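Student: I would like a close look at a single part of this model. Please take the salt bridges and keep to them for most of the answer.

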Amino acid sequence: MAYQVLARKYRPQRFADVAGQDHVTVTLMNALTQQRIAHGYIFSGHRGIGKTTIARILAMALNCRNAIGTAQRPTAEPCEVCESCTEIRAGNAVDVIEIDAATNRGIDEIRELRDAARYRPARDKYKIYILDEAHQITDAAFNALLKTLEEPPDHIVFMMATTQPEDIPQTVRSRCQHFSFHAVKLVDILGEIRGIAEREGVDADEAALALLAEAGDGSMRDALSIMDQAIASAPVQDGRPVLNASQIRELMGSVPNAVFEKILEAVDGNRSAEVITIANQLLDAGNSPAQLARQCVRYLRNCVIAKIANIGVDGAGTDGVAAELLQISADEQRRAARSAALFGEEELTRFLQVMLRTFDELGYRQEQRFHFELGLLKLVHLRRLLPVEEVLSQFPSGGSGQTRPKAAVTTQPAARSVSSTSTAAVAPVVPVSTKPAFSPFEADKNKRRFDEPAGSAAPVFVSAPVRAEVPTPAFVAPARVVDAAPVVDLQPSVVAVATELLGMGSTVTAVLEPEATPVKTANEPAVSSQSGEALQRAAVEALTNAKGQDSAADALDEAEWVIDGNEVRVQTGVSKTMLPMVVNPEAEKIVKAALREAGAGALKLVLLPGSAASAAAKKPRAAKSGSAQAKALEHPVVQQAQKLFQAEIRTVIDLRDND
């Protein structure tokens, strides 16, 4: 008989032989025992995990000649001895049709399948269609199959195997039972290939078998294919092939993880030259940068999991959840734990993110070697960075970062003190010598409190709690403290009013002079509070007279103009995206020229996007000099109407003869 590869030679023939899919096999065996056979099944999952194998075993169980519970077939497993079982196992059964859906994917092939499904099976109980790679079938072909899937004949069973179940239409999935297969665990793959090695007469150490199981990456077929290749290339001693880890790594084109352990040790020691030297040795040996980056990503992922699972450097804590998360051999688990002990969880996460980005870029970048070396250097540089949390923690926790000086207060006998000996300490005034050049709170500082008239010298009261042997409730009234404010004596009438306002539990201890009215310097432009509208009129008129600036004139006409210090702040109703297009550089130049002509050239023009405080009514547009609207406004009848009725002119029709 011709040679068969291991994946075909040791294909499971019973449900119990399938590794790692107990949730599927138990369900199907129970359904067979209870005679609850569905007319459609979808088997989905990773490649090489038993989807088509279980479909064939289910076909044998359905068409087995021996009934469940008999001596030849005590369970729902197929008997494997009747004609139907042997023919299905050999692949020449008439009533089990296995179709490659990647080739027969069109509507014509599905139409032929639908027509043939009407006829009863030639010999067996069921006519079974196994559609491999079912996601390759076109949407039109699936639509042609819908009616047959919804109401099939009693003798038809459809089984669809796919690696991409999301590509199958929902209307098809809703008509079938969907079984999602799991990736095969490392221990299951290791047990299978260990048994196959014994039956094949191959000498293999545990490190070699673990490397084969890890290379399978959850796929039993992949692991057996690599094992088949490794046996063919292995040296023979006493007529038996001998497998070792170094030979398998050379065959797969991979490097030992000890190399990446050395790289991380160099990263921890901040030795960039050593990192580049190791990378140079690997690349000069003929290793692909993409393959090295893939292995580095896998190793860093194992380090992150080892850090999260708290695996010790001696291998402690590798049972339970850690074994589920870290599907590698015990030696590799200890190696990952040693590397993880050098770094924190956040650092390992950053390393993994950098190498993932590097691996992604290698797919479309030129000079892959340079990008791989750059990715390794980034790992060294990341160790030199400080976390942003540590940088922020060095700043003061206060809002302004400065300590406000305390106001000076004088001590007076308390009006309602419990003890006559209670006094308050006198704190000296500490002037602030360093102030920022610009403070966003300067405008609020100059505002008057309550209904204080301009220029009045009404005192501001500061109350302090009375210190006594028996604690009494105290109320501290908010006050504006002025640096180096002179302290004045309290008048009896002032004390009485203050005590009544502040409450019975408070004591007036000092009166501070109000802030002096700020005096304008020589450099500050003397602009009145009402000059914002004048500047607005000048700017809008200049834009109106200019050519092609009507949009800018409308936007600035509807805006709110406020003079704040040395700035003219224009709050527009235009969005941030549209503002540079509406008020273009030419329009801004015209506005600045208009401000200079109005005597406000020293002010800085600031255009603000967003909606103005202006859900207020739209202001009337200034009339262009010499226009019909301007002449109408100058007419005495119109002026009288505006005065009597508070009228607004919106539209002016010019009936003058243009000739």
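Student: Which kind of contact do the side chains of R123 and E83 meet in?

Tutor: The side chains of R123 and E83 meet in a salt bridge, with 3.4 Å from N to O. A salt bridge here is a side-chain nitrogen of Lys or Arg within 4 Å of a carboxyl oxygen of Asp or Glu. This pair links distant parts of the chain, 40 residues apart. R123 is in the loop between α5 (107–116) and β3 (127–132), while E83 is in helix α4 (residues 83–90). Helices (H or I, at least four residues) and strands (E, at least two) are DSSP runs, numbered from the N terminus.

Before going on, note that this is a predicted model, in which local features need pLDDT of at least 70 and side-chain atom pairs count only at pLDDT 80 or more, while totals for chains, interfaces and linings use all residues. Residues are numbered from 1 along each chain as its sequence is written, and side-chain values use heavy atoms, with hydrogens and water left out.

Both partners can be placed by relative accessible area: buried means under 20%, exposed over 50%, and partly exposed in between (1.4 Å probe, protein chains only). R123 counts as partly exposed because its relative accessibility is 36%. E83 also counts as partly exposed, at 47% relative accessibility.

R123 has another salt bridge, to the side chain of D124, at 3.3 Å from N to O. D124 is buried, because its relative accessible area is 8%. Salt bridges that share partners join R65, E83, E87, R123 and D124 into one network. Side chains of opposite charge can pair when their charged atoms come close.

A further salt bridge is formed by the side chains of R114 and D115, at 4.0 Å from N to O. R114 is partly exposed, with a relative accessible area of 29%, and D115 is partly exposed at 33%. By the salt-bridge rule, the count comes to 27.

Charged residues also appear in the second largest pocket, where the lining has 14 of them, along with 20 nonpolar and nine polar residues. In this classing, Asp, Glu, Lys and Arg are charged; Ala, Val, Leu, Ile, Met, Phe, Trp, Tyr, Cys and Pro are nonpolar; and the others, Gly among them, are polar. Helix α9 gives the most to that lining, with eight residues. A pocket is an open set of points on a 1 Å grid over the protein atoms alone, where a 1.4 Å probe fits, with protein on both sides within 12 Å along at least five of seven lines; lining residues have an atom within 4 Å of a point.
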